[in-house]
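Biologist: Please show me the model, and let us test each description of it against its definition.

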Amino acid sequence: MSSIDQAISIKYNNLVYELKATGHDIITLSLGEAFFDIPAPDFSGFDVAELHHYSHSRGVPELRRRLAKYYEDRFGPSVDPDQEMIITAGSKAAIYMTLLAVLEPGDEVIMTEPFWLSYPAHVRLCRGEPVMVAHQESLFDLERHITARTRVIIINNPNNPTGKVYTAAELDHLHALATRHGLLLLVDEAYNEFVAPGTAFVSAAVGDPERLHTVTVNSMSKNFGISGWRIGYLIAHRRIVDEVLKLNQHLVTCAPTILAGYLAGHFDELISRTRPQIQQAVAMRDTAAGWLADAGIETLPGEATFYLFGSLGESSLNSDAFATRLLRERGVCVVPGIAYGESCDRHIRISVGTESPERTRRGIAAIRSLIDAT
Ligand code: PLP
């Protein structure tokens, strides 16, 4: 455990909860989600007595079927919900259990910075070695990081924290690398709905319809605005699903049955309720990108999610010191870029998913003034 730190974003958000509890007004640009207006669950019409208990350890069958149909309708390749899918307690669990299932001690996992901050921790917990590739490097040069110990390439598409959406050519390249070197491509698609109109999102499942080398992970947390329900899932070849299933059985038994059951029954309703709100969040990202540009704060390129990865420009502070002072002195919380890799210590992650436009704008002004002051 000495090689694992607290998740930096969650550490900062815990601070926000504590400060708010003592009466501080914090402009919170640090949460890893967008808040939606969603009706409270109404369980009338459900056999709640059944939903109070464990479900099949692959997850509630009706939800698996609905999710398989969602992937098929949205992206094309068919998914067998009984053999090629597991519903997990959040997608974090799906990523960790996949790594636990495939890594031997010392195996290397390549991740490109900025990566989602739990990937290196998950790899280390499996006694693997994270191989972190600086964000200035082209994806098309990734091959030079592959060694005899490389087992997995993990990417996050769309990317948290930049909002980058991988192009079909980039995904083809990754599939080709995985095939050529016998690697697993682990693709985390937790934000797949948060893509601006006009930008093409390609699921990794498309490039490997037989799932020979691809594990696709997704989550209800962001796409349905229900992060507290803890429902994620993975789609993989049954040889991997069967291994993950053993881990799921021993670690958590199954994802929360009552919520999975509810979701299966209300899937379409939630989609129609959340889709317009997702488009609003994506539009807000665009607007906030304009405000940052007007303030002279550069962002790394991206066209999805509700995150912006802003440069600290002339500030002499590292990202952790900057975020700490921004919170303590100006009451604005962001996540320091160092959470997403060494090459990102000159950046901060700004989430525009939870605050009003007016408060987001005030937060950006505070960032600008702290850059100027430091
Ligand atoms: N993947 C990415 C890229 C994320 O940003 C997050 C949460 O912040 C997750 C996975 C985990 O989501 P959950 O475990 O809630 O499904």
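Modeller: I begin with strand 7, where 6 of the 6 residues are buried, so the strand is largely enclosed by the rest of the structure. This is a predicted model, in which local features need pLDDT of at least 70, side-chain atom pairs count only at pLDDT 80 or more, and totals for chains, interfaces and linings use all residues. Residues are numbered from 1 along each chain as its sequence is written.

Biologist: What makes a residue of strand 7 buried?

Modeller: A residue is buried if 20 or more other C-beta atoms lie within 10 Å of its own, exposed if 12 or fewer, and partly exposed in between, with C-beta atoms placed from the backbone. On one side of strand 7, T214, T216 and N218 are buried, and on the other V215, V217 and S219 are buried, so that both faces are covered. In a regular strand the side chains alternate between the two faces of the sheet.

Biologist: What makes this run a strand, and which strands pair with strand 7?

Modeller: Strands (E, at least two residues) and helices (H or I, at least four) are DSSP runs, numbered from the N terminus. Two strands pair if DSSP finds at least two bridges between them. Strand 6 and strand 7 have 4 bridges in the parallel sense, with L185 opposite T214. Strand 7 and strand 8 (residues 232–235) are joined by 4 bridges and run antiparallel; here S219 stands opposite G232.

Biologist: Why is R211 called buried, whereas R127 is called partly exposed?

Modeller: R211 has 21 other C-beta atoms within 10 Å and therefore counts as buried. R127 has 13 C-beta neighbours inside 10 Å, and so it counts as partly exposed. R211 lies in the loop between strand 6 (184–188) and strand 7 (214–219), and R127 in the loop between helix 5 and strand 4 (129–133).

Biologist: What is noted about phi at R127 and at R211?

Modeller: Phi is positive at R127, at about 65°, although R127 is not a glycine. R211, also not a glycine, has a positive phi of about 55°. Most residues other than glycine have a negative phi, and most peptide bonds are trans.

Biologist: Which peptide bonds are cis?

Modeller: One joins E113 and P114, with omega about -10°; P114 is in the loop between strand 3 (108–112) and helix 5 (118–125). Another runs from N157 to P158, with omega near -5°. P158 is placed in the loop between strand 5 (150–156) and helix 6 (168–181).

Biologist: What makes a set of residues a nonpolar core, and which residues have the most contacts inside the largest one?

Modeller: The term denotes buried Ala, Val, Leu, Ile, Met, Phe, Trp, Tyr and Cys residues joined through C-beta atoms within 7 Å. The largest such core has 108 residues, and I153, L186, L234 and V334 have the most contacts inside it. Helix 9 (residues 257–294) gives the most to this core, with 9 residues.

Biologist: How do you know where this core lies relative to the domains?

Modeller: Domain 1 (8–37 + 272–373) and domain 2 (53–269) both give residues to this core, so it lies between them. The domain bounds come from an automatic or database domain assignment.

Biologist: How do you know how confident the predictor is in the chain?

Modeller: pLDDT is the predictor's confidence in each residue, from 0 to 100. The chain averages a pLDDT of 96, and 100% of the residues score at least 70.
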